[in-house]
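Let's take a friendly walk through this structure together. Keep the 3D view open as you read, so that you can find each residue as it comes up.

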Amino acid sequence: LGELERIGAFNEDFGGSTDLADISFKQCGDKAFGTLDPFTSDSLAGDGYSVDSILDAKFTSLYVNWNPQAVKTITEMTGRFAQYLDSTFHSEAGSLVVSSPTQLQPRRRSVSTESKTSHDVKQEELQAAGSRSVMLIRATMDSFEISLNSARDDFPLFLLKMSRTMVSLVSSSDQTMKMSLSLGDLSVSTPAMGRTDPLYRTILGLAPGRSESLLSMTYCEGLEAMETMDLGDIDLIEYEACAQVELSPMRMVYIQAQALALVEYATAGILGALASQAASSAAVAATEIATSIGAKKFFSINATGFEVVVPQAAYLSTFISVQTGLMHVDYIALPDPGGGQASLTLSDVVLMDDRGSQLQEEPIGMSIDVGLPPDGVGTNEDQAMRVNISISQASFIFSKGQYAQLLSILDLNLRQPYLCLRDSST
């Protein structure tokens, strides 16, 4: 109560607190807010669009400390409490208020004595088909951080940060949808403690010296929404959904032990803590969404640059990097029974050491075509993935020191079991 009084929650002119979130919902009556088409508009600011309802959500910042043991305990307690409620108040299913144990009586529900004729049902279906409702959702978040802590000492292992996130979604009752996402920055890093060189603490993020948006994505369903996208000579009639993704230059540091630990934490520390049953249900649902489609889906990804840094060791400043120029990926998700086709094009692939000396005479061009057959169709050979790789002429030149550095990477990085996330040899 003291905190509520401090912020003036009991004052008549109190308008709410927006320290964490500020959410507003507006809905019009019989007519739309405005006349502008939300599917063709580049900016969705203001209320002058032909929509029936508008939801605005603004989130400031959120920080989460994730400990697998603590989350698992909370999940188990929540599950037991839900089972207790289900077994104790089973006869009150559907009630808004749970009565006392001595008054548990089944609710009597009123039954309408008026029966609808088939003509009335047809009229209602025609009216529903003729009316079209459109909803606009706009959401922003300043920052979101999650600390993936160790279950052993509760100190951070990895830090995930997202900032300057903006989402806008236009959805209509006739299954037409357009979503735009802009992500200012996304980084996965290791804590300042430990023996990892500061140069390698950001495992994934924007390239050094870059501050613009990391990712922008547009996803559309329905012909009306897809026609607003510039997809070249793609025949939109064959597709039910399309997506375009633009990536700014990114940088990834590959330390074998840390990469494997991050994957294990995601599977055992996150999914395992939530519950194996929920994780398997989510996996089944994701598989059904990915495969059960009525028409093809098209996804296009463009990246202006990508760099992979492979350190000689987590605690040494020497490394080998692989840099690419433009990267373009096209993926087509095929309808039932599933499967897909992917094509990847890379230009100006360069290998160099930490001193800037290249390990080949000229940049390399590469194209990869992948065929993904549907699951459970045909023989094992029919279900095998088909990969066709085409590489331009490549001529590598290694100095004696560079060759020794490559061999050292195998011993001190790829075969090294220590995470180097603590001051001790662990």
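The report below covers a salt-bridge network, a pocket, some strand pairing, a surface patch and two backbone details.

Please keep in mind that this is a predicted model.

**A salt-bridge network**

The count of salt bridges in the model comes to eight. A good place to begin is Lys26, which forms a salt bridge with Asp47. This pair links distant parts of the chain, with Lys26 in strand β1 (residues 21-27) and Asp47 in the loop between β1 and β2, 21 residues apart. Asp47 also meets Arg138 in a salt bridge, and here the loop between β1 and β2 is linked to strand β3 across 91 residues of sequence. Arg138 in turn meets Asp56 in a salt bridge. Because Arg138 lies in strand β3 and Asp56 in strand β2, the pair ties together parts that are 82 residues apart in sequence. Through shared partners, Lys26, Asp47, Asp56 and Arg138 are joined into one network.

Here are the N to O distances for these pairs:

| Salt bridge | Closest N to O distance |
|---|---|
| Lys26 and Asp47 | 2.5 Å |
| Asp47 and Arg138 | 3.5 Å |
| Arg138 and Asp56 | 2.7 Å |

Which members of the network are buried, and which are partly exposed? Lys26 counts as partly exposed at 31% relative accessibility, and Asp47 is partly exposed at 33%. Arg138, at 15%, counts as buried because the cut-off for that label is under 20% relative accessible area. Asp56 is buried too, with a value of 17%.

**The second largest pocket**

How much space lies in the second largest pocket? The answer is about 390 Å³. Of the 23 residues that line this pocket, the closest to its centre are Asp42, Ser43, Leu44, Ser168 and Ser180. Strands β2 (53-66), β3 (134-149), β4 (156-172) and β5 (177-189) each supply at least two residues of the lining.

**Strand pairing further along the chain**

Strand β14 (residues 340-353) pairs with strand β15 (residues 364-372) in the antiparallel sense over eight bridges. To find this pairing in the view, look for Gln341, which stands opposite Gly371 in β15. Strand β15 also pairs with strand β16 (residues 386-391), again in the antiparallel sense, over six bridges. In that pairing, Met366 has Ile391 in β16 as its bridge partner.

**A nonpolar surface patch**

Phe396, Phe398, Tyr403, Leu407, Leu410 and Leu414 form a nonpolar patch on the surface, with about 540 Å² of accessible area together. Leu407 lies in helix α7 (residues 400-414) and is partly exposed, with a relative accessible area of 40%. Leu414 is also placed in helix α7, and at 34% relative accessibility it counts as partly exposed. The C-alpha atoms of Leu414 and Gln256 are separated by 5.2 Å, although these residues are 158 residues apart along the chain.

**Two residues with positive phi**

Most residues other than glycine have a negative phi. Asp154 has a positive phi, near 65°. Asp154 is found in the loop between β3 and β4 and is partly exposed, with a relative accessible area of 43%. Cys420 has a positive phi as well, near 60°. Its place is in the segment after α7, where Cys420 is buried with a relative accessible area of 2%.

Terms used:
Residues are numbered from 1 along each chain as its sequence is written. This is a predicted model: local features need pLDDT of at least 70, side-chain atom pairs count only at pLDDT 80 or more; totals for chains, interfaces and linings use all residues. Side-chain values use heavy atoms; hydrogens and water are left out. Two strands pair if DSSP finds at least two bridges between them. Helices (H or I, at least four residues) and strands (E, at least two) are DSSP runs, numbered from the N terminus. Patches are made of residues with over 30% relative accessible area and no salt bridge: like charges are joined within 9 Å, nonpolar side chains (Val, Leu, Ile, Met, Phe, Trp, Tyr) within 5 Å. Accessible areas come from the Shrake-Rupley method with a 1.4 Å probe; for residues, only the protein chains shown count as cover. A salt bridge is a side-chain nitrogen of Lys or Arg within 4 Å of a carboxyl oxygen of Asp or Glu. Buried means under 20% relative accessible area, exposed over 50%, partly exposed in between (1.4 Å probe, protein chains only). On a 1 Å grid over the protein atoms alone, a cavity is a set of points where a 1.4 Å probe fits but cannot get out, and a pocket is an open set with protein on both sides within 12 Å along at least five of seven lines; lining residues have an atom within 4 Å of a point. Grid points are joined across faces, edges and corners, and a volume is the space filled by probe spheres set on the points.
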